[in-house]
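Open the model in your viewer and keep the selection tool at hand. The stops below say what to select next and what is there.

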Amino acid sequence: MKIVSRNEELLRDALTCIPQSSSRTSLSSCNKLIRFEDISAAAFKIQCGVQKTPCMYSRLSKQYGMDIYLKKEFLQYTGSVKERGVLYLLTSLPQDQQRKGVIVALDSNFSMAVAYHASELHIPVFVIMSTSTSPARVKMCREYGAMVISYGTTAKDSQTHARRLAQENGYLYLEEEDSAVYLAGLGTVGLEVYEQVPKLDAVIFPAGGHCGLLAGSAAALKHLNPRISIIGVESESFPVLQQSLKAGHPTEDQACNNHNFYGDVSGLCFGSNSLQLTGKLVDKVVSVREEDILVSMLRLLECERATVDAEGAIGLAALVAGKLPELKGKRYG
């Protein structure tokens, strides 16, 4: 498929070449334009490594007066959508780097996805976790096939040690950022939603500290149908995306970095590429309270028999909170 001129201009404007900070040692190169073809290529390349998860009509539809379709990314092997971006990123690495290996720090869905898929690809993978990390998470990461090293009492200690090991041994230090390759992998969710749910009016995505899923999927969906409304949802306590869009550059709320409840919805701030894509292609960003997220987690457990974290429930929380009255009678995913 060829990108029509209007959307090609939007994507080109959104992904101008942004120099990376010298402190980001993982993929410190200028990001190229993310095109619809990049997302299509990612979908083809990762199709054997990740699940094409169902997007199913929800029992919650009648309760909220609209047709609700839930994309069940919790069915991925590690339970996270991050696998899509991680797998495409790892398979895109040069062969010499694949032989040397990769290293990550922190206890996050991104790190778990790297541990699992690097092991599956026979890429040496090292995960640095602080001594305060849950033993169950450490055990899970080791079972995926990673070499887990406990170091330091804080996340910052683990990151510093990981960077040092990367420099000394030639490993590639990976952290969740908005490289074009990673965004293209995440954007495959948008492709699948469009294919699985006909006549979509809107699609809701988690936003917050990492909005790569929102940005990448928006690029896919807006190319396929510019009339589909793309909505991002973030925490009212940490409205990092809304603050950044207003400021015109990425900002970071230090208070959210180690908030256990929000996990991957908070964390380190997204990059300039995700922010610019979001500003160009996302129609609306709303915020919800922690109470609304908890209620949505309960609704998903009761009605869908699905146990999800805050990131997985935050989209439904916007409906629970009554933040999207315009979707009444509409069809959304």
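Select glutamine 47, which sits in the loop between helix H2 (36–46) and strand S1 (55–57). Helices (H or I, at least four residues) and strands (E, at least two) are DSSP runs, numbered from the N terminus. With a relative accessible area of 47%, glutamine 47 is partly exposed. The scale used throughout is this: buried means under 20% relative accessible area, exposed over 50%, and partly exposed in between (1.4 Å probe, protein chains only). Now add tyrosine 88 to the selection: glutamine 47 and tyrosine 88 are 41 residues apart in sequence, and their C-alpha atoms are 10.0 Å apart in space.

A word on the model before the next stop. Residues are numbered from 1 along each chain as its sequence is written, and side-chain values use heavy atoms, with hydrogens and water left out. The model is predicted: local features need pLDDT of at least 70, side-chain atom pairs count only at pLDDT 80 or more, and totals for chains, interfaces and linings use all residues.

Go next to leucine 70 in strand S2. Is leucine 70 buried or exposed? Its relative accessibility is 16%, so leucine 70 counts as buried. Select tyrosine 57 as well: leucine 70 and tyrosine 57 are 13 residues apart in sequence and 6.5 Å apart from C-alpha to C-alpha.

Strand S2 (67–71) also leads to a pocket, since S2 is among the elements that each supply at least two residues of the lining of the second largest pocket. The others to colour are helix H6 (109–120), helix H7 (135–144), helix H9 (180–196), strand S7 (202–206) and helix H14 (310–320). A pocket here is found on a 1 Å grid over the protein atoms alone, as an open set of points where a 1.4 Å probe fits, with protein on both sides within 12 Å along at least five of seven lines; lining residues have an atom within 4 Å of a point. To find the middle, select Lys71, Glu73, Val308, Glu311 and Gly312, which lie nearest the centre among the 33 lining residues. The volume of this second largest pocket is about 730 Å³, where grid points are joined across faces, edges and corners and a volume is the space filled by probe spheres set on the points.

Colour the lining by class and there are 19 nonpolar, eight polar and six charged residues. For this count Ala, Val, Leu, Ile, Met, Phe, Trp, Tyr, Cys and Pro are nonpolar, Asp, Glu, Lys and Arg are charged, and the others, Gly among them, are polar. Colour by domain instead, and the lining draws at least three residues from each of domain 1 (36–76 + 179–253 + 263–327) and domain 2 (84–174); these bounds come from an automatic or database domain assignment.

Turn now to the aromatic rings. Rings of Phe, Tyr and Trp (its six-membered ring) pair if their centres lie within 6.5 Å; planes under 30 degrees apart count as stacked, over 60 as edge-to-face and the rest as tilted. The count by this rule is six aromatic pairs. Select phenylalanine 110 and tyrosine 182: their ring centres are 5.7 Å apart and their planes are at 85°, so the pair is edge-to-face. This pair links distant parts of the chain, with phenylalanine 110 in helix H6 and tyrosine 182 in helix H9, 72 residues apart. Both phenylalanine 110 and tyrosine 182 are buried. Then select Tyr77, Tyr116 and Tyr144, which form one aromatic cluster.

Two loop residues come next. Leucine 106 is in the loop between strand S3 (102–105) and H6. Its phi is near 80°, a positive value in a residue other than glycine, and leucine 106 is partly exposed at 27% relative accessible area. Lysine 199, in the loop between H9 and S7, has a positive phi of about 60° although it is not a glycine. Lysine 199 is exposed, with a relative accessible area of 76%.

Select histidine 122 in the loop between H6 and strand S4 (125–129). At 71% relative accessibility, histidine 122 is exposed. Its C-alpha atom is separated by 8.4 Å from that of arginine 99, 23 residues apart along the chain.

Finish with leucine 221 in helix H10 (residues 212–224), which is buried at 0% relative accessibility.
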